[in-house]
Amino acid sequence: MIFEEKFLVGMQDTDKNNLITNKALLEYMGNVACLHSNFAGTGPKQIAETNLSWVIVNWKVEVKNRPEYFEHFIVKTWSRGYDRLYAYRDFEITDEAGNQIAVATSRCAMVDTAKHKITRLNPEIMDKYGTETKQMIPGYEFPKIKEFENFIKEGNYKINSMMIDFNNHVHNTSYLDLADEVIPEEYINNQFNNFEIIYKKEIKLNDNVLLRYSEDSGKKYVTIKSEDETITHSQIIFL
């Protein structure tokens, strides 16, 4: 089953050049994924009834052409299968003429909100999503977090209430805001057209996080750790 919605680029979605931001693209893809999940019976509207909630584990996004303020665009998404612990979802964003704006793939896990742990996926849950075989980034494999002994820039940030979502942890798109806090000045407001996000350990309200920027083999890395460096929360990779 392919689920789709049409949107309009608003002022809140754009950068200084009036082009849609990476954060806005993630928000719209997430919204359509939630609509699909609501339709399948395991979306945000049903959490109180099912005690089940999806959490994102990985994003991989490739932007082809950014729409401008007040342009319409269409977000399509579908489930492309699952294994014991993870569900895989792809996205295609196009303009009204069908030209590609962006493609993306993601990996999600389902959490039992009563037990506060990941639950196994099964056909009873997943068959309602109507699996499609279409892949937007064929052959792609989700990476693991890369640890660096050295880094170029470092900073700290205290998590505020504006970053918290309905799962009571930092919303997945807000990790791009955290990355902006530590990337070098020459890259601020630069909308990278190819990026990945790995989510490993949730970040909660009032947590103090350590942000580190590194570069390796042409890639730019922002690693988010706990203040005492005992936990690696996430890593954002810009290509």
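**Figure 1. Two strands help to line the largest cavity of this predicted model.** Strand E9 (208–216) and strand E10 (219–226) each supply at least two residues of the lining. The full lining consists of Glu 147, Phe 148, Asn 150, Phe 151, Arg 212, Ser 214, Thr 223 and Lys 225. By class, two of the lining residues are nonpolar, three are polar and three are charged. The volume of the largest cavity is about 60 Å³. The count of cavities of 30 Å³ or more comes to one. Rolling a probe the size of a water molecule over the atoms shows where empty space is left.

**Figure 2. Arg 212 forms salt bridges with Glu 154 and with Glu 229.** Side chains of opposite charge can pair when their charged atoms come close. In the pair of Glu 154 and Arg 212, the closest N and O atoms are 2.8 Å apart. Glu 154 belongs to strand E7 (residues 153–158) and Arg 212 to strand E9, so this salt bridge ties together parts that are 58 residues apart in sequence. In the pair of Glu 229 and Arg 212, the closest N and O atoms are 3.2 Å apart. Here the link runs from the loop between E10 and strand E11 (232–238), where Glu 229 is found, to Arg 212 in strand E9, 17 residues apart. Is Arg 212 buried or exposed? Arg 212 is buried, because its relative accessible area of 14% is under 20%. Glu 154 is partly exposed at 39% relative accessibility, and Glu 229 is partly exposed at 42%. Arg 212 is also one of the residues that line the largest cavity.

**Figure 3. Lys 60 and Glu 196 meet in a salt bridge between their side chains.** The N to O distance is 3.8 Å. Lys 60 is part of strand E2 and Glu 196 is part of strand E8 (residues 194–199), so the pair ties together parts that are 136 residues apart in sequence. Both partners are buried: Lys 60 has a relative accessible area of 4%, and Glu 196 has one of 7%. Which residues make up the network that contains this pair? Salt bridges that share partners join Lys 60, Glu 62, Lys 64 and Glu 196. Over the whole structure, a search finds twelve salt bridges.

**Figure 4. Helices contribute to the lining of the second largest pocket.** The space in this pocket is about 240 Å³. How many residues line the pocket? The lining has 14 residues, and those nearest the centre of the pocket are Thr 21, Leu 176, Asp 180, Asn 190 and Gln 191. Helix H1 (22–40) and helix H4 (174–180) each supply at least two lining residues. H4 gives the most, with three residues. Sorted by class, the lining has four nonpolar, five polar and five charged residues.

**Figure 5. Four residues form a nonpolar patch on the surface.** The patch is made of Leu 8, Met 11, Tyr 69 and Phe 70, which together have about 410 Å² of accessible area. Where in the chain does Phe 70 lie? Phe 70 sits in the loop between strand E2 (52–63) and strand E3 (72–82). Phe 70 counts as exposed, because its relative accessible area of 56% is over 50%.

How values were computed. Residues numbered from 1 in each chain as written. Predicted model: local features only at pLDDT ≥ 70, side-chain atom pairs only at ≥ 80, totals over all residues. Heavy atoms only, no water. 1 Å grid on protein atoms, 1.4 Å probe; cavity = no way out; pocket = protein on both sides within 12 Å on 5 of 7 lines; lining within 4 Å. Points joined across faces, edges and corners; volume = space filled by probe spheres on them. Helix = DSSP H or I, 4+ residues; strand = E, 2+ residues; numbered from the N terminus. Nonpolar A, V, L, I, M, F, W, Y, C, P; charged D, E, K, R; others polar. Patch = residues over 30% accessible without salt bridge, like charges linked within 9 Å, V, L, I, M, F, W, Y side chains within 5 Å. Areas by Shrake-Rupley, 256 points an atom, 1.4 Å probe, with all protein chains shown as cover. Buried < 20%, exposed > 50% of the residue type's maximum accessible area, 1.4 Å probe, protein only.
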